[in-house]
Amino acid sequence: MDSSRRQILKFFGISTLAMSTKPLLDAFAADPAAEGAESKETFLAGPEALKARQWAMVIDTREFHSLEDVEPLIEACHSIHNVPNLPIRRHEIKWIWETEYKHAFPMKGARFMAEELEHRPFLVLCNHCENPSCCRACPTQATFKRESDGIVLMDFHRCIGCRFCMAACPYGARSFNFRDPRPFIAETNKKFPTRAKGVVEKCNFCAERLAVGRLPACVEASEGKVTFGDLYDPDSPVRERIKTNYTIRRKQSLGTEPSIYYIV
Amino acid sequence: MLELAIRGSKKYYGWMLFLLSIIGVGFFFYLKQLDFGLGITGMSRDVSWGFYIAQFTFLVGVAAGGVMVVLPYYLHDYKVYGRVTILGEFLAIAAVVMCLLFIVIDLGQPMRVFNVPLYPSPNSVLFWDFIVLNGYLFLNLIVGWNVLEAERNNVHYQAWVKPFIYLSIPWAISIHTVTAYLYAGLPGRGFWLTAILAPRFLSSAFASGPALLILLCLIIRKTTNFDPGREAIQTLAKTVAYAICLNVFFFLCEIFTVFYSQIPEHMDHFKYLFTGLHGHGAYVPWMWASLALMLLGIILLVNPITRKNEGVLAVACVVIFAGTWIDKGMGMISGGFVPNPLHEVTEYIPSVPELIISLAVWCVGFLVLSALYKIAVSVKEEVGT
Amino acid sequence: MSNRKGVIIGIVVFLAVVTFPFLYNRGKAAPAPEVELTEKAKAAKQCVRSTDYMQREHMKILDLWRHTVVRRGERIYVNPQGKEFNMSLSNTCLDCHSNKTEFCDRCHDYASVRPYCWDCHIDNPKESK
Ligand code: SF4
Ligand code: SF4
């Protein structure tokens, strides 16, 4: 009895160990050298890929006056990324949307603000934070900060749908697929996947476009009102704008270091 | 000993069948949820955790509450608890089983739950919660089972069990601490962002867990030949009394900090729960009821005259269990999500399927609990203590 | 044991039930499916790797691809012959194998595997609406 118990304990111990080393073993298995002569395969980033240490965005909100000014940007993003349009607000999915100053910057408003500013549409999206609390919370690293360019991404294959990241994001940037999104995509962009029910999604800074040398869709659609570039390149357009304008970020005091800057 | 769980009276079978039938209905709705997605619940983009996670949080507390009998018995050799310790351990097992189920049914992609151990992420509190909960289940199974089996065979439990017993005590504290850290470490959620969250969780756990245990003891005494003992019940009642006092005290500490500092990010959640915010206040009556129940519980339990009357004691335990349940199983989670990070109010009302599934999980817990208690009580009756 | 008879009957029934599918299908194995190649696939002669390798390892390659694209941001695959491919299920694999039903599904159905690729990836990017 006693020894069989010990056996069981051993079994559990070993299987826990095995589970925790599985990714390590996978890494070895994926190592081309381990597969023998058949596989001398390599991977490249692609010649036109845009590179940065940390992508950042500057939104010149002074240039946006009405919904008509922001809608093309939202539409550009949502249509190419197959973001569904769900009928029930509870299930809503959005990557980039507009809101009023008091919601974009709660607790940061002045009283008796200019009416124009109070009702100006502010674009909000994932901030691709430099110190993202969402990635810290994820139990599977399904959402992660990409080392190569600082984009906070989702690995939809891995996400278990626990929604811890949604609770951890202080900007409400994340949406959950409460149901199969496919029936609610007006026109599917066949070059980009949709999502399955049960996973979390959000803005990906158009990682798929940067990889082929194109700027994010919203930036392209903004006709210069939104600037995009490398935060750590002193000559980049975003640095230029940050240097020559007073900019603010959402909830700076939380230490997540958002990469979206607003000129107000 | 397992055979004891399947040999029972008609009443026992009837009860188990009753539970199974509710579980069956719940399972049917769960299949619907699997098919449709979590959209069949009342959760939303803004309130992304709801009833399931709230039940989970509450039940971690019930599980941790078991330590209130384990600790005095094993650490201080408090003999009176000899009869109820096993009941505490088995209650913890049933509660942890419910916790794990609530986590799994809350997942959007439950088939992928093993991604958690597959891609260990020590940064994530949920990863640690996964470890401590499973560990606690494992510890209680080892300890409870072995000690009970030894008792049946009229021998002292083996020496190797001892370290597990000692380990299970801090482990019980850890499960609820880690569960509190799930919430307390999130920037921008002012309701949870407080160092007193873990102590608050623990104090409410040490009230609700033992309160349930007292009720179970009273039921066992009524329905079987085993008497857990009046003195054990009375001591447990004192534990509940002081734990619920602490819980209310911690709550008042929180209220002071939040409302004296007047920081809106922290204050607005309390306002939403207790007075309503921007015209939304579905939880207001519940929250006041919870507070009233807890205060009533204090009055009934601190006062020795009422405490010593077992009828009143039973009422007090129900009152406290209900009060802490509303506090944690309803207000604690949705309160943290309203208002949302953009300071908009989206209310959360659980849907009917969601409630049925939750009820079914509770029934699974009671099924496990009944089987385990059946075993424990049969052994106790056998050895004639 | 007093109820030996019951136990034996139980075992017999259990065995009968468990082996029923095997006995029932005895001797009539379903024929292995043939996968169909499109003209484009035929013309290419070789997939990204040898046919034999693809038959055995295509799922591993796909897994490696998705990992590399999603997590490392590298999108170009260079095979041992030095040929480059865009690592994309919908845009590269299905560009050649545009007949998913005759190519992917046939084997998967036969082997009773249900990869969840198509929950998200669009199964035929060339299809025009
Ligand atoms: S905005 Fe939210 S989702 Fe985006 S990186 Fe920051 S914390 Fe994460
Ligand atoms: S929902 Fe997905 S991405 Fe978010 S924390 Fe859970 S596993 Fe990670």
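In this predicted model, three strands form an open sheet in the order 1(A)-1(C)-2(C). The pairing is antiparallel. Two strands stand at the edges: strand 1 of chain A, residues 42-44, and strand 2 of chain C, residues 84-86. Each has a single partner strand, so one side of each lacks a neighbour in the sheet. On average, neighbouring strands of this sheet are turned by 30° against each other, direction ignored. In general, strands of a sheet pair through backbone hydrogen bonds, and the pairing is either parallel or antiparallel.

The sheet includes strands of chain A and chain C. Strand 1 of chain A is joined by 3 bridges to strand 1 of chain C, residues 76-78. These two strands run antiparallel. Within strand 1 of chain C, Val78(C) stands opposite Thr42(A).

Helix 3 of chain C covers residues 51-72. The helix has 22 residues, yet its end C-alpha atoms are only 27 Å apart. A straight helix would reach 32 Å at 1.5 Å a residue. Helix 3 of chain C also bends, by about 75° at Glu57(C). Glu57(C) is one of the buried residues of this helix. Others among them are Tyr53(C), Met54(C), Ile61(C), Leu64(C) and Trp65(C). Thr68(C), Val69(C), Val70(C) and Arg71(C) are buried as well. In general, an α-helix has 3.6 residues a turn, so residues three or four places apart point the same way. Just after helix 3 of chain C comes Gly73(C), with a positive phi of about 70°.

Two ligand shells involve chain A. Around ligand 1 there are 13 residues. Those that come nearest are Cys126(A), Asn127(A), Cys129(A), Cys134(A) and Cys169(A). This shell divides into 8 nonpolar, 3 polar and 2 charged residues. Ligand 2 is surrounded by 14 residues. The closest are Cys138(A), Cys159(A), Cys162(A), Arg163(A) and Cys165(A). The shell of ligand 2 divides into 10 nonpolar, 3 polar and 1 charged.

In chain B, Thr257(B) lies in helix 10, which covers residues 230-261. Thr257(B) counts as partly exposed because its relative accessibility is 48%, and the partly exposed class runs between 20% and 50%. Thr257(B) and Ile220(B) are 37 residues apart in sequence. In space, their C-alpha atoms are 43 Å apart.

Definitions and conventions: Residues are numbered from 1 along each chain as its sequence is written. Chains are lettered from A and ligands numbered from 1 in the order in which they are written. This is a predicted model: local features need pLDDT of at least 70, side-chain atom pairs count only at pLDDT 80 or more; totals for chains, interfaces and linings use all residues. Side-chain values use heavy atoms; hydrogens and water are left out. Helices (H or I, at least four residues) and strands (E, at least two) are DSSP runs, numbered from the N terminus. Buried means under 20% relative accessible area, exposed over 50%, partly exposed in between (1.4 Å probe, protein chains only). A residue is near a molecule or strand if one of its heavy atoms lies within 4 Å of it. Ala, Val, Leu, Ile, Met, Phe, Trp, Tyr, Cys and Pro count as nonpolar, Asp, Glu, Lys and Arg as charged, and the others, Gly among them, as polar. The expected span of a helix is 1.5 Å times one less than its number of residues. The bend at a residue is the angle between axes fitted to the seven residues ending there and the seven starting there. Two strands pair if DSSP finds at least two bridges between them. Axes are lines fitted to C-alpha atoms, for helices over the stretch in contact, and angles run from 0 to 180 degrees between N-to-C directions.
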